[in-house]
Amino acid sequence: MFDYLKKLSLFNSKAFYYLVLLLVLTVSLTACTTNNATYVNNEKVKVFADKRVELFCVLQALAAYNLRVQSGQTRNVKGVYENYLSDIEVSFYNHKNHPAVQKIQMLFGQYLLIDGNVGSYATAFNDEFKLHQGLSTEAANNLVLRLGGEEQLAAFSQDIIDFSEIIDFESFFEKHSSYYDEQTKNVERKFIDKGNVEHAINYFGKELNSYNIIISPMSRVMSSRKLENDNGELDAYIVMGIPRVDHNWQIVLFHEIAHAYTGQLSTTLAEKGEELLKLVPTLETINDYPYYPVQTEEARVIRAIDEYIAHASSFRIMALNISKSQSKNYMNKVKKLGFVHLEELGDKLMEYESNRDEYPTFDDFVPEIIRFFEQLAES
Ligand SMILES: [Zn+2]
């Protein structure tokens with residue numbers, strides 16, 4: 001994967017600029033336990049700022065700062081988080097070469113941020129940024145792989161703890177609490193009260209244990225993770241930035257929630273093993289397909305189908321509940337990103353929507369989805 005990045009000769013390319021932009025704006029981590037909740041809408045939907053996510057945003061901001069200097073790129077960070085970012089840079093500039101920042105930079109070179117995957121890495125840590133003992137998460141495994149071993153992961157954890165103590169991150173987070181609250185309530189008012197989570201629940205046919213929407217001022221790329229609790233129930237964690245254009249954000253919220261519902265799809269696809277490779281030609285049209293940060297081609301296929309479904313189901317939820325024209329605009333935009341079969345997939349999902357007796361939940365429709373992609377590959 002690293003070699004691939006090198007081949008792009010990133011430091012002189014548009015791709016690099018894009019990556020740095022993403023780095024600055026991207027999201028980080030989700031949580032294993034709900035902490036720092038600032039607003040609770042009901043028992044299942046929580047909207048809050050998360051200390052770990054914000055710390056990772058600080059690390060990323062400094063890493064981006066370093067990379068920008070190195071590459072001579074101009075900054076292009078505007079909007080509501082501008083002051084917040086300046087505050088981070090001014091407050092923590094002296095620590096921009098801390099080992100924790102350097103490791104984030106290194107991981108950045110390994111696609112850390114392109115898929116919002118950095119968000120999932122928080123699941124490897126607890127509130128004190130220590131590794132969860134005995135918890136083998138996808139995030140922890142991924143980090144072990146990327147950092148080069150379990151010892152390196154433990155060292156990384158120590159670096160993060162050290163960094164947060166040196167910069168007194170606790171105080172920084174405290175100091176900005178009213179800002180987080182304001183943003184959180186804003187999102188709450190615009191998105192949650194409108195019943196958007198309920199639309200998604202109805203669409204997929206079952207309630208998860210909780211929906212944790214983590215508001216992060218510097219995040220634009222959203223990420224979402226599903227985590228199993230001790231009782232085997234699923235909690236969805238969605239990290240999102242601050243909405244500006246309402247309808248776009250509704251769709252993105254649907255999109256991220258959709259990712260929390262694709263567990264059965266991924267499992268069923270994974271069981272197919274090498275057979276999945278025949279689907280590759282159908283998926284290669286996706287612009288960022290080569291970047292999907294996975295270890296195997298099979299995993300890349302699963303990731304691509306997951307993305308297809310998140311896009312298709314979110315525009316369908318939009319069409320059914322909010323606006324057909326906005327939904328269509330969105331679909332056309334996403335098609336241009338290389339999801340060329342999106343419209344047909346939407347039609348396929350309409351079969352699910354109109355036969356809910358037969359398919360009470362989206363999981364029940366998974367075999368049909370897989371058949372859809374298989375048929376595309378054969379045609
Ligand atoms: Zn997605």
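**Exercise 1. Strand pairing around E5**

Take strand E3 (residues 210-215) and E5, and work out in which sense they pair and over how many bridges.

*Solution.* Start with the pairing itself: E3 and E5 run parallel, with six bridges between them. This is a predicted model, by the way. To pin down the register, look at Ser-210, which sits opposite Asp-235 in E5.

**Exercise 2. The other neighbour of E5**

Now find how strand E4 (residues 223-228) runs relative to strand E5 (residues 234-240), and check which residues face each other across the pair.

*Solution.* Step one: E4 and E5 are antiparallel and joined by six bridges. Step two, the register: Arg-225 has Tyr-237 as its bridge partner in E5, and Lys-226 stands opposite Ala-236 in E5. Step three, the turn: the hairpin of E4 and E5 has five residues between the strands, and Gly-232 there takes a positive phi near 80°.

**Exercise 3. Covered or open?**

Decide how many residues of E4 and of E5 are buried.

*Solution.* Recall the cut-off: a residue is buried if 20 or more other C-beta atoms lie within 10 Å of its own. In E4, five of the six residues are buried, so the rest of the structure largely encloses this strand. E5 is mostly covered too, with six of its seven residues buried. For the background, 44% of the 379 residues of the chain count as buried.

**Exercise 4. Two residues, two environments**

Classify Phe-191 and Asp-168 as buried, partly exposed or exposed, and say where each one sits.

*Solution.* Phe-191 first. Its place is in helix H10 (residues 177-192). Phe-191 has 22 C-beta neighbours inside 10 Å, so it counts as buried. There's a long-range neighbour to spot as well: Trp-249 is 58 residues away along the chain, yet the C-alpha atoms of Phe-191 and Trp-249 are separated by 8.4 Å.

Next, Asp-168. This residue lies in the loop between helix H8 (150-166) and helix H9 (169-175). Asp-168 has 13 other C-beta atoms within 10 Å, so it is partly exposed. Check the backbone while you're there: phi of Asp-168 is near 50°, a positive value in a residue other than glycine. As a rule, most residues other than glycine have a negative phi.

**Exercise 5. Following the helices through H15**

Helix H15 (residues 297-321) packs with H16, and its axis also comes within 10 Å of that of helix H13 (residues 263-271). Describe both crossings, then carry on to H17.

*Solution.* Begin with H13 and H15. Their axes cross at roughly 150°, and H13 passes H15 in a right-handed crossing. Leu-265, Ser-266, Leu-269 and Ala-270 in H13 meet Ile-302, Ile-305, Asp-306 and Ile-309 in H15. Sorted by class, that contact has six nonpolar, one polar and one charged residues.

Move on to H15 and H16. The axes are 7 Å apart, and the angle is about 160°. The cut-off you need is 145 degrees, over which a pair counts as roughly antiparallel. H15 and H16 are therefore roughly antiparallel to each other. H15 passes H16 in a left-handed crossing. On the H15 side the contact uses His-311, Phe-315, Met-318 and Ala-319, while the H16 residues include Tyr-330, Met-331 and Val-334. The class tally is six nonpolar, three polar and one charged.

Finish with helix H16 (residues 324-335) and helix H17 (residues 342-353), whose axes come within 10 Å and cross at roughly 135°. That angle makes H16 oblique to H17. Met-331, Val-334 and Lys-335 in H16 meet Leu-342, Glu-343 and Gly-346 in H17. By class you get three nonpolar, one polar and two charged residues.

**Exercise 6. The whole chain**

How many helices and strands are there in the chain, and what share of its contacts with a separation of 6 or more is between residues 24 or more positions apart?

*Solution.* Count the elements: the chain has 18 helices and five strands. Then take the contacts with a separation of 6 or more: residues 24 or more positions apart account for 75% of them.

Definitions and conventions
Residues numbered from 1 in each chain as written. Predicted model: local features only at pLDDT ≥ 70, side-chain atom pairs only at ≥ 80, totals over all residues. Axes fitted to C-alpha atoms, helices over the stretch in contact; angles between N-to-C directions. Helix = DSSP H or I, 4+ residues; strand = E, 2+ residues; numbered from the N terminus. Parallel < 35°, antiparallel > 145°, perpendicular 65-115°, else oblique. Contact = placed C-beta atoms within 7 Å. Nonpolar A, V, L, I, M, F, W, Y, C, P; charged D, E, K, R; others polar. Buried ≥ 20, exposed ≤ 12 C-beta atoms within 10 Å, placed from the backbone. Left-handed = near helix turned anticlockwise from the far one by under 90°. Pairing = 2+ DSSP bridges.
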